[in-house]
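Student: I have a model open and a few minutes to spare. Can you walk me through it?
Tutor: Sure. Take a look, then ask away.

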Amino acid sequence: MNRSLALLAALLLLGGCQNLTHKSPDGTPPVEDESQASTPAKPEVYGSFSREALFALLSAELAGQRNRFDIALGNYVQQANATQDPGVAERAFRIAEYLGAEQAALDTALIWARNAPENLDAQRAAAVQLARAGRYDESMAYMEKVLQGQGDTHFDFLALSAVETDAETRNGLMQSFDRLLAKYPDNSQLVFGKAVLLQQDGQTEEALTLLEGIPANDEEIAPILLRARLLQSLDRGKEALPLLQKGIKQHPDDKRLRLTYARMLVEQDQLEEAKSEFSSLVQQFPDDDDLRYSLALVCMEAEAWEEAQIYLEELVERGSHVDAAHFNLGQAYEKQGNNESALIEYALVGPGNEYLPAQVRQVEILLQSGRANEVENRLTKAREAQPDYAIQLYLIEAESLSKRQQPERAWNVIQQALEQFPDDLNLLYTRAMLAEKRNDLAQLEKDLRFIIEREPENAMALNALGYTLADRTTRYDEAKKLVEQAHQLNPNDPAILDSLGWVNYRMGNLSEAERLLRQALQNFPDHEVAAHLGEVLWAQGKQIEARKVWADALEKQPDSAILRDTLQRLTGSGTL
């Protein structure tokens, strides 16, 4: 970064360090006293600086102009310590802060503050640096000096800087806030800082009460934003809207207030109002493409496809959020039934967050249209163009074919992928799942055991093997051990709870099976879990309840093969 340090401190050198040159009382240049010319010598001093100090400071300036900031900082820190001069210390602090040299910034800020006790900027700098270093008691002492001098404080920063500290430190900081609030109960900056600390501690109600009990100055925007966030976190977002509206009337040009208001309108599902607010923001800040992208997304949410297209095409023209814009244009065209245009847009998405979702959408469109051959051609070209995504592209192709009941084509894709990446665990897991559909349990077990050998804590592989052994074999003890291992790793995973319930059912532990399957269904209302729970209830003679569980699941997923098979097997009919 080619920024001259001289620009950062010209005023300091011309003002704070004016005593670098020595003048006689009448202002004329100093003249050496000839009578003392032969006296052995004390070091020459120019004002309050020795020759060596002056040389070091000038060398620092020259080093800064040549982008040797390390030399500049080293010389200034050395001279700040040696001279204790507030001007030199401030200069050293500014350079350290600019370079992100935390320890040097702390040390020089403290020298500056000690030697310029009336300078509020110095006291504030020391307070902030101490807070960054986790020395909160000392920081509060310096900040109180700023408060006494009626300067702008950073109590909010002190609170935010304590987020990652231990509970004891945070409690100590809270006590410091309380001590100062007892002295200055109406100080809005203190109130705001404590509210921030309360929020970070999860005391949302208390933080909101504090802000509402001692209202912040109407000119202060940060407390308005904090109150709005607190209301939102308490599921009282509707109450935040009038608060933000009032703030916008007072500060019509403040971007933060209006953006927060627009986002809350989206969260309150007031999409037309949100569109209007985002549109005004884009007009007010026409070069802010983040706002333009947000407006496009709100239009998408409101299903205003053509309006969304306008803003998305603008983003592409402006070269901003290009891949995201192409992806959303693809979705907009797809929603309007224009699949060919959608395919074009998805194909224009480059590497990044939207790349794989765009590939998935292309595959889905082509398979739905019966154009499976095009899928293979497109993904082959994609793997050649983006080899870093090759494994994910193989998985997309195989899983899409499997979902379309084309297991043999999916199997061939995975086999081809494993020739290229023989030890990839994701490919091996997918092959194991395809092997189960082909009734090749030996291949399934081989692949899953390979994965478990490589990753003994792979809960997904442990669960898959355990469930399959329980469902498709009589190796129940072995199955239960595997699923219990998975359960220890992820005790709240509904898929694992389902497997554990099914293992217990197969072993005849019906009450335990029912308990686990009810828990799984509550956490994850899935048709396969419902099929299992219904079967366990049926086996216990609770046929009415079993039918109700199945009926609820069929209402949500009427095409569920596992539900139909379970009904056919237990009731003799595929329908209720």
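Student: Start with His-321. Is His-321 buried, exposed or partly exposed?
Tutor: This is a predicted model, so read every value as computed from it. His-321 has 30% relative accessibility. That lies between the 20% limit for buried and the 50% limit for exposed, so His-321 counts as partly exposed.

Student: Where is His-321 in the fold?
Tutor: His-321 is in the loop between helix H17, residues 305-318, and H18.

Student: What does His-321 touch, leaving out residues up to four places away in sequence?
Tutor: The contacts are Asp-289, Asp-290, Tyr-293 and Leu-315. Asp-290 is 31 residues from His-321 along the chain. Their C-alpha atoms are separated by 8.2 Å.

Student: And Ser-320? Buried or exposed?
Tutor: Buried. Ser-320 has a relative accessible area of 15%, and the cut-off for buried is under 20%. Ser-320 is also found in the loop between H17 and H18.

Student: Which side chain does the Ser-320 side chain make a polar contact with?
Tutor: The side chain of Asp-289, at 3.4 Å. Setting aside neighbours within four places in sequence, Ser-320 is in contact with Asp-289 and Leu-315. Asp-289 is on the contact list of His-321 too.

Student: Switching topic. How many aromatic pairs are there in the whole structure?
Tutor: A search of the whole structure gives 6. One of them is Phe-93 with Trp-112. Their ring centres are 5.8 Å apart.

Student: Why is the pair of Phe-93 and Trp-112 called tilted?
Tutor: Because the ring planes meet at 40°. Under 30 degrees would count as stacked, and over 60 as edge-to-face.

Student: Which helices hold Phe-93 and Trp-112?
Tutor: Phe-93 lies in helix H4, residues 86-99. Trp-112 lies in helix H5, residues 102-115. The two are 19 residues apart in sequence, so the pair ties those parts together.

Student: Are those two rings buried or exposed?
Tutor: Phe-93 is buried, at 2% relative accessibility. Trp-112 is buried, with a relative accessible area of 2%.

Student: Give me another pair. What are the numbers for Phe-327 and Tyr-346?
Tutor: Centre to centre, 5.6 Å, with 50° between the planes. That pair is tilted. Phe-327 is in helix H18, residues 322-335, and Tyr-346 is in helix H19, residues 339-347. They are 19 residues apart. Phe-327 and Tyr-346 are both buried.

Student: Which charged residues lie over rings?
Tutor: Take two. The charged end of Lys-255 sits over the ring of Phe-285, 4.9 Å from its centre. Arg-383 lies over the face of Tyr-394, at 3.9 Å from the ring centre.

Student: Now Leu-208. Buried or exposed?
Tutor: Leu-208 is buried, at 2% relative accessibility. Leu-208 lies in helix H11, residues 204-213.

Student: What does Leu-208 touch outside its sequence neighbours?
Tutor: Beyond four places in sequence, Leu-208 touches Arg-227, Leu-230, Leu-231, Leu-234 and Arg-236. Leu-230 is 22 residues from Leu-208 along the chain, with a C-alpha separation of 6.3 Å.

Student: Any repeat in the record? Which residues does UniProt list for the TPR repeat?
Tutor: The unreviewed UniProt entry lists residues 494-527 as "repeat: TPR". In the model, that span is 82% helix and 0% strand. Its end C-alpha atoms lie 12 Å apart.

Student: Pick one residue there. Where is Asn-504?
Tutor: In helix H28, residues 494-506. Asn-504 counts as buried, at 4% relative accessibility. Leaving out neighbours within four places in sequence, Asn-504 contacts Lys-480, Asn-509, Glu-512, Ala-513 and Leu-516.

Student: Zoom out. How many helices and strands?
Tutor: The protein has 32 helices and 2 strands. Of its 576 residues, 45% count as buried. Among contacts between residues at least 6 apart in sequence, 48% join residues at least 24 apart.

Student: Last one. Where does pLDDT stay under 50?
Tutor: Over residues 1-47. The model has 50 contacts beyond four places in sequence for that stretch. Where pLDDT is low, don't read the predicted coordinates in detail. The protein averages a pLDDT of 85, and 87% of the residues score at least 70.

Conventions
Residues are numbered from 1 along each chain as its sequence is written. This is a predicted model: local features need pLDDT of at least 70, side-chain atom pairs count only at pLDDT 80 or more; totals for chains, interfaces and linings use all residues. Side-chain values use heavy atoms; hydrogens and water are left out. UniProt positions are given in the numbering used here, feature names are shortened, and annotations may be inferred rather than shown by experiment. Helices (H or I, at least four residues) and strands (E, at least two) are DSSP runs, numbered from the N terminus. Rings of Phe, Tyr and Trp (its six-membered ring) pair if their centres lie within 6.5 Å; planes under 30 degrees apart count as stacked, over 60 as edge-to-face and the rest as tilted. Buried means under 20% relative accessible area, exposed over 50%, partly exposed in between (1.4 Å probe, protein chains only). A charge sits over a ring if NZ of Lys or CZ of Arg is within 6 Å of the ring centre and within 35 degrees of the ring normal. Contact means heavy atoms within 4.5 Å. pLDDT is the predictor's confidence in each residue, from 0 to 100. A polar contact is a pair of N or O atoms within 3.5 Å; within protein, one must be able to donate a hydrogen and the other to accept it, and residues adjacent in sequence count only if both atoms are side-chain atoms.
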